[in-house]
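Good morning, everyone, and thank you for making room for this short presentation. Please take a moment with the sequence and the model before I begin.

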Amino acid sequence: MGENILILAFVVVVIGGIGSIRGALIGSLLVGAVDTLGRTLLQHGLREALPAQWASAAGPALASIAVYVLMAGVLVWRPQGLFPVRGG
Amino acid sequence: MTRAVAVVALAAAIAVPWVLQALGADYYLGIASRIVIFSIAATSLNLLLGYAGMVSLGHAAFVGLGAYASGVLLAEGVQAWPVHLLATVLTAGIAAAVIGAISLRTRGVYFIMITLAFAQMLFYLANSIKGYGGDEGLTVRTRIRIGGDVDLRDPRVLYFVALAVLGLSLWLLARFGQSRFGRGVQALRDDEVRAEALGLPVFACKLVIFIVAGVLAGIAGALSVNLQGYVSPNALHWTQSGTLLVMVILGGAGSLWGGVAGAAVLLLLQEIVAAHTEYWAFWIGWFLLAVVLFARRGLAGLFQRRGVSP
């Protein structure tokens with residue numbers, strides 16, 4: 001029941017910083033770009049580097065993970081999100 | 001008083017296999033084992049959530065890691081229990097140490113989301129490991145051998161092993177709650193800044209609790225793969241973490257028996273309601289709402305006098 005959207009929306013809000021409107025906009029653009037580019041480019045890139053069999057297995061998995069790696073990375077770098085709200 | 005309750009509960013739990021046999025309902029021993037195993041997992045989350053105040057939406061990842069550690073060993077033909085124990089503890093422990101060390105830099109909702117992020121990474125990783133079932137899951141034909149000819153295929157052996165693990169972890173949790181370290185951890189749950197000002201090594205305490213909870217969840221996972229003979233990536237999915245959270249909150253976060261009460265009530269309700277209607281989740285949802293609205297400290301809180309700290 002809309003779980004995929006729910007989780008992705010949470011990811012966007014957390015990356016941008018909870019309570020920040022600007023953060024939500026930037027976060028959604030980032031998440032959308034990473035997810036879409038991950039799905040299209042990663043598999044092609046991996047095919048260059050790895051045997052085809054491995055690439056077709058690892059490509060989709062890595063593409064699904066990309067958004068979460070982005071979120072973990074952002075939170076390690078900035079534990080309050082990209083645009084922390086003061087006093088929030 | 002509490003000790004008397006614990007002894008009665010233990011005696012009742014030990015009697016379960018014989019009672020079921022007398023009733024000719026051996027099938028239900030599997031459900032009893034499932035409840036015990038989920039109780040272990042919920043108790044480990046209770047330690048994290050109720051005692052240390054860390055809300056994690058990635059706890060199922062450790063259950064799943066433990067299940068895969070044991071499942072992969074079984075698939076490779078290793079049955080000796082010390083190997084399984086070591087592999088489970090190391091896999092879940094190292095993962096918890098790495099994830100904890102990174103996640104504990106954040107707090108509150110950010111902590112929830114970063115634990116979720118790591119759990120989702122492991123979920124998609126499990127999906128992509130084609131050698132061990134991939135998204136179809138891993139079926140194992142053998143079970144952990146305890147010694148000689150005794151292995152966990154015997155439902156009673158499995159039940160008692162799981163019960164022993166649960167009893168041991170509850171005993172340790174009770175000891176922990178009264179100990180110096182335990183009181184320190186509960187203090188940092190209530191006010192982290194004050195605990196730090198008092199000289200408590202907040203980050204180290206939280207990391208230790210995170211690792212211990214992860215290892216215990218891993219052991220629950222290893223037991224579950226031996227119960228079902230099957231593990232799929234869904235064991236790591238975030239909805240599983242959600243179920244564990246519901247169990248702990250339903251039972252009473254921060255109470256010793258919270259995890260057990262929540263797991264037992266939720267699984268039994270599912271079992272009973274699902275026998276009558278296909279839409280069991282609808283009815284259980286109402287029940288959960290009622291508990292959250294009217295019994296704020298969970299089911300275990302109903303049996304405690306008001307004003308007495310859990």
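How much space lies in the second largest pocket? Before I answer, please keep in mind that what we are looking at is a predicted model. The space in that second largest pocket comes to about 620 Å³, and 24 residues line the pocket, with B:Leu85, B:Val165, B:Leu168, B:Leu216 and B:Ile219 lying nearest its centre. If you want to find the pocket by its helices, the elements of chain B that each contribute two or more residues to the lining are helix 2 (28-51), helix 4 (81-103), helix 6 (155-178) and helix 9 (202-228). As for the character of that lining, 20 of its residues are nonpolar and 4 are polar, while none is charged.

Let me turn from the pocket to enclosed space, where the search gives 1 cavity of 30 Å³ or more, and the space in this largest cavity is about 30 Å³. Its lining is made up of B:Gly58, B:Ala61, B:Phe62, B:Ile99, B:Thr115, B:Phe118, B:Ala119, B:Leu122 and B:Phe210. Two elements of chain B, helix 3 (59-75) and helix 5, give two or more residues to this lining, and helix 5 gives the most, with 4 residues. By class, the cavity is lined by 7 nonpolar and 2 polar residues, and again no charged residue appears in the lining.

Helix 5 of chain B comes up again when we look at how the two chains meet. Here 17 residues of chain B are in contact with 21 residues of chain A, and the area buried between the chains is about 1,800 Å², with carbon and sulfur atoms giving 80% of it. On the side of chain B that touches chain A, helix 5 (108-128) and helix 10 (238-251) each supply at least two residues, and the largest share, 12 residues, comes from helix 5. That side of chain B divides into 12 nonpolar, 4 polar and 1 charged residues. Between the two chains there are 4 residue pairs in polar contact, counting pairs with both residues at pLDDT 80 or more, whereas the count of salt bridges between them is 0.

Where, then, might one look for a salt bridge? Over all chains the structure has 5 of them, and one joins the side chains of A:Arg39 and A:Asp35, at 3.3 Å from N to O. Both residues, A:Arg39 and A:Asp35, belong to helix 2 (residues 21-49) of chain A, where they sit 4 residues apart, about one turn of the helix.

Key. Residues numbered from 1 in each chain as written. Chains lettered and ligands numbered in written order. Predicted model: local features only at pLDDT ≥ 70, side-chain atom pairs only at ≥ 80, totals over all residues. Heavy atoms only, no water. Contact = heavy atoms within 4.5 Å. Buried area = accessible area lost by both parts, 1.4 Å probe. Salt bridge = Lys/Arg side-chain N within 4 Å of Asp/Glu carboxyl O. Polar contact = N/O pair within 3.5 Å; in protein donor to acceptor, adjacent residues only side chain to side chain. Nonpolar A, V, L, I, M, F, W, Y, C, P; charged D, E, K, R; others polar. 1 Å grid on protein atoms, 1.4 Å probe; cavity = no way out; pocket = protein on both sides within 12 Å on 5 of 7 lines; lining within 4 Å. Points joined across faces, edges and corners; volume = space filled by probe spheres on them.
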